[in-house]
Amino acid sequence: MIFRGVATALATPFKKDLTIDYEAYDKLLAYQVENKVDGLVVCGTTAEAATMDKKEKLDLINFTIEKVGGRLPIIVGTGSNNTKEAAEFSKEVSEIEGVDALLVVTPYYNKANREGLYKHFKTIAEESTKPIILYNVPSRTGVNIDPELVGELSKIKNIVGIKDATGDLHYTIKVKSLVDEDFAIYSGNDDLIVPLMSVGGCGVISVLSNILPKETSEMVHDYLEGREKDAGFSQVKYINLIEALFNEVNPVPVKEAMRLLGISDNYMRLPLSPASNETAELLEDELKKLGVL
């Protein structure tokens with residue numbers, strides 16, 4: 001298992017000229033390590049990886065390894081809707097010393113059928129020398145990996161887990177019934193961390209932990225260490241903030257929250273643009289209620 005607990009789906013701070021702000025990113029990395037998260041995800045959805053070129057991704061990966069490599073697992077998003085491109089990039093990234101696993105999203109836009117999805121992931125897995133976590137997020141890709149297909153993919157040696165961002169606990173339960181015990185299921189929804197763990201999940205790949213790493217980690221480890229009631233209280237406590245963080249498409253709100261907390265400026269690459277006044281006010285109100293601001 002790559003990790004148990006919380007892996008932060010890291011946002012990527014940008015400067016006004018929209019180059020990567022490595023000073024702010026370094027601050028974000030230190031914030032995560034100090035607050036004891038269990039892993040980091042680089043170049044995922046929250047990172048705005050869709051607007052980065054290959055060199056930028058590799059530079060970001062290598063910077064992350066230089067700063068925190070060896071202290072906690074580093075997982076890199078290498079997915080694409082182009083199987084050949086994703087397989088080649090996955091192979092290249094998996095050969096970087098310090099990368100612990102890959103996160104591979106369902107191919108978007110093309111809307112592959114079941115056979116195409118199986119071959120897509122199998123092709124990538126055959127090119128990778130590192131473990132792979134599937135990433136199922138049908139709200140963004142338009143395609144769902146059905147539970148039976150997850151079961152088949154889990155038989156491929158280096159496909160070791162799934163980030164389940166379906167928001168559907170019936171789906172999670174069905175997947176759990178079809179995979180081996182050591183196949184990791186991570187929540188991809190911050191509003192369902194505790195419920196998903198209650199049916200066999202082992203943690204979360206989280207947006208929330210960009211801004212509340214300590215609190216998110218405590219929630220997850222309370223559950224994993226038998227303090228289920230405390231974990232449930234935390235899930236309820238943070239629900240309004242979580243809803244505010246998804247008032248607009250991720251990572252628009254979390255980058256505004258990071259600005260409010262002084263972690264980074266709030267610059268985004270088109271086609272995304274900064275949060276609306278409504279979202280900004282919601283975030284500020286919720287952070288104040290929690291005593292973070």
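Ring pairs join Tyr22, Tyr25 and Phe63 into a cluster, and that is a friendly place to start a tour of this predicted model. Rings of Phe, Tyr and Trp (its six-membered ring) count as a pair if their centres lie within 6.5 Å, with planes under 30 degrees apart called stacked, over 60 edge-to-face and the rest tilted.

Some ground rules help before going on. Residues are numbered from 1 along each chain as its sequence is written, and side-chain values use heavy atoms, with hydrogens and water left out. Because the model is predicted, local features need pLDDT of at least 70 and side-chain atom pairs count only at pLDDT 80 or more, while totals for chains, interfaces and linings use all residues.

## Aromatic pairs

A search of the whole structure turns up three aromatic pairs. In one of them, the ring centres of Phe3 and Tyr186 are 4.2 Å apart and the planes meet at 5°, so this pair is stacked. Phe3 sits in the segment before strand E1 (5-9) and Tyr186 in strand E7 (residues 184-187), so the pair links distant parts of the chain, 183 residues apart. Helices (H or I, at least four residues) and strands (E, at least two) are DSSP runs, numbered from the N terminus. Both Phe3 and Tyr186 are buried; that word stands for under 20% relative accessible area, with exposed over 50% and partly exposed in between (1.4 Å probe, protein chains only).

Back in the cluster, the rings of Tyr22 and Phe63 have centres 4.8 Å apart and planes at 50°, so they form a tilted pair. Tyr22 belongs to helix H1 (residues 22-34) and Phe63 to helix H2, so the two rings tie together parts 41 residues apart in sequence. Tyr22 is partly exposed at 25% relative accessibility, whereas Phe63 is buried at 15%.

## Helix H2 and the nonpolar cores

In soluble globular proteins, nonpolar side chains tend to be buried together. A nonpolar core here is a set of buried Ala, Val, Leu, Ile, Met, Phe, Trp, Tyr and Cys residues joined through side-chain atoms within 4.5 Å. The largest such core has 76 residues, and Ile61, Val150, Ile159 and Ile211 have the most contacts inside it. H2 gives the most to this core, with six residues. Another core, of 17 residues, lies apart from it and includes Val41, Leu103, Val105 and Val137.

Contact means heavy atoms within 4.5 Å. Leaving aside neighbours within four places in sequence, Ile61 touches Val42, Cys43, Val76, Val93, Ile96 and Val99. Leu58 is found in helix H2 (residues 54-68) and is buried, with a relative accessible area of 16%. With the same neighbours within four places left aside, the contacts of Leu58 are Phe89, Glu92, Val93 and Ile96. Leu58 and Val93 are 35 residues apart in sequence, yet their C-alpha atoms are 7.8 Å apart in space.

## Salt bridges

Side chains of opposite charge can pair when their charged atoms come close. The structure holds 18 salt bridges, each defined as a side-chain nitrogen of Lys or Arg within 4 Å of a carboxyl oxygen of Asp or Glu. Among them are these:

| Salt bridge | N to O distance |
|---|---|
| Glu48 and Lys255 | 2.7 Å |
| Arg269 and Glu56 | 2.6 Å |
| Arg227 and Asp222 | 2.7 Å |

In the salt bridge of Glu48 and Lys255, Glu48 lies in the loop between strand E2 (39-42) and H2 and Lys255 in helix H12 (residues 252-260), so the pair ties together parts 207 residues apart in sequence. Glu48 is buried at 4% relative accessible area, and Lys255 counts as buried at 0% relative accessibility.

The salt bridge between Arg269 and Glu56 also links distant parts of the chain, with Arg269 in the loop between H12 and helix H13 (277-289) and Glu56 in helix H2, 213 residues apart. Arg269 is buried, with a relative accessible area of 10%.

In the pairing of Arg227 with Asp222, Arg227 is partly exposed at 34% relative accessibility, while Asp222 is buried at 15%. Elsewhere, salt bridges that share partners join Arg114, Asp146 and Glu152 into one network.

## A residue in helix H7

Thr172 is found in helix H7 (residues 169-178). Thr172 is buried at 2% relative accessibility. Beyond its neighbours within four places in sequence, Thr172 is in contact with Asp164, Ile185, Leu196 and Val199.
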